[in-house]
Amino acid sequence: MNVLDAIKNRHSAKNFDPNYIISSDIKKNLLEICLENAPSAFNLQHWRLVLIEDQKQRAQIREFSWNQPQVTESSMLVVITAHKNSWQNKVAQRVWSGATQDVQSFMMSAIDQYYHGRLEVQRDELMRSAGIFSQTLMLAAQEFGLDSCSMVGFDFGKMAEVIHLPNDHVICLMVAIGKSTTQRYPKIGKLPFDEVIKINSF
Ligand SMILES: Cc1cc2nc3c(=O)[nH]c(=O)nc-3n(C[C@H](O)[C@H](O)[C@H](O)COP(=O)(O)O)c2cc1C
């Protein structure tokens, strides 16, 4: 599938075939493609993913997700969380350890300058990276003949309890993947081009 078809075919599936199984190999392959290729600020890869494979846990999550069917019907349910301290030296050093000494020093200093003491920037960056990761995952899923839905319709506090979220992590969103059982609905309500696109400034 070419990229434009993947972009155009992706839609937020509301129901999935609950009997459709995605093999562990395909799940791994799909995730590896995204982990290796999704962009992240300073290559920090803030994301940490929790795959919810346990059906009892899925049922429990559905209860605090507005009873949305995707939670129990999807073949793959991924909670995208992020590590709040990804920018700190000990973590950042790992992802830059393959670079030359000069590049490493430059990056460590740039990362520290950009994030240090700037809580809003730290959080914005996690969410940006998680959003881009999610879209990468959903488009890659298209290539595997799979449908998806990004979701924030759930109680974040309860989700944190269920997945034992560490204190230094934050929940960003969840992505459900599987075989959609419903017809794709028309892409309605899109805002006019000129209202959204400005040239050079507002
Ligand atoms: C951050 C985010 C959260 C969303 N949460 C939900 C959700 O909880 N349940 C749901 O059915 N759709 C959810 N959606 C899907 C949107 O409703 C959907 O993307 C939008 O209506 C456009 O439709 P389309 O994705 O089919 O093009 C979410 C989308 C985004 C980007």
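In this predicted model, histidine 83 has histidine 169 as its bridge partner in β4. Histidine 83 itself sits in strand β2, and its side chain also makes a polar contact of 3.5 Å with the side chain of aspartate 168. Is histidine 83 buried or exposed? With a relative accessible area of 12%, histidine 83 is buried, because anything under 20% falls in that class.

Move back one residue along the chain and you find another pairing of this kind: alanine 82 has valine 170 as its bridge partner in β4. Both pairs belong to a longer run, since β2 (residues 76–83) and β4 pair in the antiparallel sense over 8 bridges.

Now look at β2 as a whole. In a regular strand, side chains alternate between the two faces of the sheet. Here, Met76, Val78, Ile80 and Ala82 point one way from β2, while Leu77, Val79, Thr81 and His83 point the other way. Which of these residues are buried? All of them are. With 8 of its 8 residues buried, β2 is therefore largely enclosed by the rest of the structure.

β2 has another partner too. Strand β1 (residues 47–51) pairs with β2 in the antiparallel sense, this time over 5 bridges. A handy spot for finding this pairing on screen is leucine 49, which stands opposite isoleucine 80 in β2.

Back to β4, which covers residues 169–178. How many of its residues are buried? The count is 10 of 10, so β4 is largely enclosed by the rest of the structure as well. Besides β2, β4 pairs with β3, again in the antiparallel sense and over 5 bridges. One bridge to look for there involves cysteine 149, whose partner in β4 is alanine 176.

Next door to that cysteine is serine 148, which lies in strand β3. Serine 148 is buried, with a relative accessible area of 1%. The fold also brings serine 148 and serine 74 to a C-alpha separation of 8.3 Å, although they are 74 residues apart along the chain.

Cysteine 149 leads to a question a bench biochemist might well ask: how many disulfides are there? A search of the whole structure turns up 0. Take cysteine 34: the closest cysteine sulfur belongs to cysteine 172 and is 15 Å away, which is too far for a bond, because a disulfide needs the two sulfur atoms within 2.5 Å. Cysteine 149 is in no disulfide either, as its nearest cysteine sulfur, that of cysteine 34, is 16 Å away. Both cysteines are tucked out of reach of the probe to a good degree: cysteine 34 counts as buried at 0% relative accessibility, and cysteine 149 is buried at 3%.

Strand β3 (residues 147–151) also takes us to the ligand, since this strand supplies the largest share of the surrounding shell, 3 residues. Which residues come nearest to the ligand? Of the 13 around it, they are Arg10, Ser12, Lys14, Gln68 and Gly153. By type, the shell divides into 4 nonpolar, 6 polar and 3 charged residues.

Some of these neighbours can be followed down to single atoms. Serine 12 places a polar side-chain atom 2.6 Å from an oxygen atom of the ligand. Arginine 10 does likewise with a polar side-chain atom, at 2.9 Å from a ligand oxygen. With glycine 153 the backbone does the job: one of its polar backbone atoms is 2.9 Å from an oxygen atom of the ligand. As for cover, the ligand has 620 Å² of accessible area on its own, and the protein covers 63% of that.

Finally, zoom out to the full chain. The protein has 9 helices and 4 strands, and along the sequence they follow the pattern α-α-β-α-α-β-α-α-α-β-α-β-α. Its C-alpha atoms fill a box of roughly 55 × 45 × 30 Å along the principal axes. How much of the protein is buried? Of its 202 residues, 40% count as buried. Set beside that figure, β2 has 8 of 8 residues buried and β4 has 10 of 10.

Notes. Residues numbered from 1 in each chain as written. Predicted model: local features only at pLDDT ≥ 70, side-chain atom pairs only at ≥ 80, totals over all residues. Heavy atoms only, no water. Near = heavy atom within 4 Å. Polar contact = N/O pair within 3.5 Å; in protein donor to acceptor, adjacent residues only side chain to side chain. Areas by Shrake-Rupley, 256 points an atom, 1.4 Å probe, with all protein chains shown as cover. Helix = DSSP H or I, 4+ residues; strand = E, 2+ residues; numbered from the N terminus. Nonpolar A, V, L, I, M, F, W, Y, C, P; charged D, E, K, R; others polar. Buried < 20%, exposed > 50% of the residue type's maximum accessible area, 1.4 Å probe, protein only. Pairing = 2+ DSSP bridges.
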